[in-house]
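Work through the following exercises with the model open beside you, and try each task before reading its solution.

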Amino acid sequence: MALSVEKWVGFGSAMAGFGLLWSRMPEHVHDEARYIISSLVPMVMSYFNPYEQITISEYGEERFRRNKFFDAVSTYLRSECLDHASKLKAELGNNSKYDPLISLDENQEVVDNFGGARMWWRLYPKSAKNKGGTVISLFPGDSDEPRCYRLVFHKRHRKLVVDSYLPSVVRKWHELIATNRQRLLFTNHSQDGKSHWISVPYNPPAKFDMLAMDHSKKVEIMEDLTAFREAKEYHSKVGKAWKRGYLLHGPPGTGKSTMIGAMANFLEYDVYDLDLTSIKDNAELRKLFLDTTDRSIIVIEDIDAIEVELTTKRKSKEAAEEKDDNHLVTIELSDKNKDKGKVTLSGLLSFVDGLWSACGTERIFVFTTNHVDRLDPALIRRGRMDRHIEMSYCRFEAFKMLAKSYLDITEHSLFGEIGQLLDEIDTTPADVADSLMPRGKRNSEIDRLLDEMNGAPADVAGNLMLRVKRRREADGCLARLVETLKKAKMKSAAPAMDSMEEAKED
Ligand SMILES: Nc1ncnc2c1ncn2[C@@H]1O[C@H](COP(=O)(O)OP(=O)(O)OP(=O)(O)O)[C@@H](O)[C@H]1O
Ligand SMILES: [Mg+2]
């Protein structure tokens, strides 16, 4: 049956070619004959060919945007139609390191049944025309045709296919991704001068309850994210794109990247880590943006590193040229790109906030910086970056959260001293966390006995030993932290003492 479907489709194409030929017949052929024959061709073709087809290309017609329907069909066929296929492909899936992900190989036809109707599916490879495939190109003359699925069905089922079958494929796809959802971390990668996203499975360890920061601030952020997630109707009612911008700023090691992981965990969104330095120009930035999925966090880290060049460039332009309020400010991202296209501030802004930002829903933009004062106000004004979150040095409240996460303790005799020291000197949570990591002697008698139990103390004595061991580790870690903080305090006081000494000598 499959063969005959192919024949009919081929026949249809041949008849179409025939029709085209007739339509170009020379003038001397009798007009009437030409009219009769050329109007007969489609009738004959439709009489003999009982099949119709729908092509679903991997990319949209303008080659700009990935066609999500293609992904839907891939997932659907993988789940529903592999049983009778003999040519399959295997790769390692995202959900597990060991389970292979089996999918349909190119040019393998599979049959699906829906409401008593048979549907024939086939995946045609990229550049099918050059490889001898039979797919009719959407892009004539273009050798780089994207892959596509072709669905063939009997023409009496057209309504069923369009109104019920294809929507059911999409519904099934949504169900499957909801149940097998593995979060992904994407980064942009440039190959043959074109940028695209590559991804890895993403399971960030960070959770909000582990994040050491002011408690009320943390709760506020979580409430803000929850409100955003539930605000679909609000955004459509007020005519706003469903997106939100966060600017995370603060010194290195205060938890900006950790916060992004916690946000992704909290919302269960994918993360797109955008590296602007490897993007050629605004068009490429736009393409990457259009390739991001809904329900995602789009991150640009250390935005100030780009802004420094932006500001310098603008200043030098302003000095060199007569003032022109309308000129576009250019970010020179790297020497490599100097003579090629450029990503401009306006390009970045339209990505975050302009016309293009409305192409997609439920997206969060996060910019991070160590130097908020260096950023162009246009980039971070409210509305673009809806919330500015300062990640600050570690004070006592944040320390207690770290002690709970790292050492599983809520009180200790050294807490008072540590609280006082943290008030006096600026230390990052990263530095405090580093001191709280158990290290030290591994050969104590308790360690040896616990190692022998293979980490699973089963009885009361075993549990007691584990508690003693943890207590000792906590003592050691906190003592080390006190020592580090004291040293830091002395160091920070040293220049002042030097100048006092100098003053005395004068
Ligand atoms: N607020 C915090 N709460 C919990 N852990 C933190 C916090 N800040 C830092 N850490 C710890 O320090 C490490 C480094 O933090 P992180 O990478 O998030 O800092 P950052 O602010 O992004 O720094 P940079 O500006 O250099 O990128 C993290 O892996 C985490 O273990
Ligand atoms: Mg970081």
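The exercises below concern a predicted model, and each is followed by a worked solution.

**Exercise 1.** Describe the overall make-up of the protein, beginning with its secondary structure.

*Solution.* Start with the secondary structure, which comes to 16 helices and 15 strands. Next consider burial: of the 506 residues of the protein, 23% count as buried. Then turn to contacts between residues at least 6 apart in sequence, of which 69% join residues at least 24 apart.

**Exercise 2.** Find which members of the largest nonpolar core touch the most other members, and work out where this core lies.

*Solution.* The largest nonpolar core has 56 residues, and those that touch the most other members are Ile260, Val271, Ile297, Val299, Val366 and Leu436. Because domain 2 (184-390) and domain 3 (396-492) both give residues to this core, it lies between them. Take Ile297 as a case: once its neighbours within four places in sequence are left aside, Ile297 is in contact with Ile260, Met263, Ala264, Tyr269, Val271, Ile364 and Val366. Finally, note a second, separate core of 19 residues, with Ile56, Val73, Met119 and Val152 among them.

**Exercise 3.** Characterise the shell around ligand 1 and locate it relative to the domains.

*Solution.* First list the surroundings: ligand 1 is surrounded by 16 residues, of which Pro252, Gly255, Thr258, Pro429 and Ala430 are the closest. Sorted by class, the shell has nine nonpolar, six polar and one charged residues. Looking at the helices, α7 (256-267) and α14 (429-435) each supply at least two residues of this shell. Since domain 2 (184-390) and domain 3 (396-492) both give residues to the shell around ligand 1, it lies between them.

Terms used. Residues numbered from 1 in each chain as written. Chains lettered and ligands numbered in written order. Predicted model: local features only at pLDDT ≥ 70, side-chain atom pairs only at ≥ 80, totals over all residues. Core = buried A, V, L, I, M, F, W, Y, C linked by C-beta atoms within 7 Å. Buried ≥ 20, exposed ≤ 12 C-beta atoms within 10 Å, placed from the backbone. Domains from an automatic or database assignment. Contact = placed C-beta atoms within 7 Å. Near = placed C-beta within 6 Å. Helix = DSSP H or I, 4+ residues; strand = E, 2+ residues; numbered from the N terminus. Nonpolar A, V, L, I, M, F, W, Y, C, P; charged D, E, K, R; others polar.
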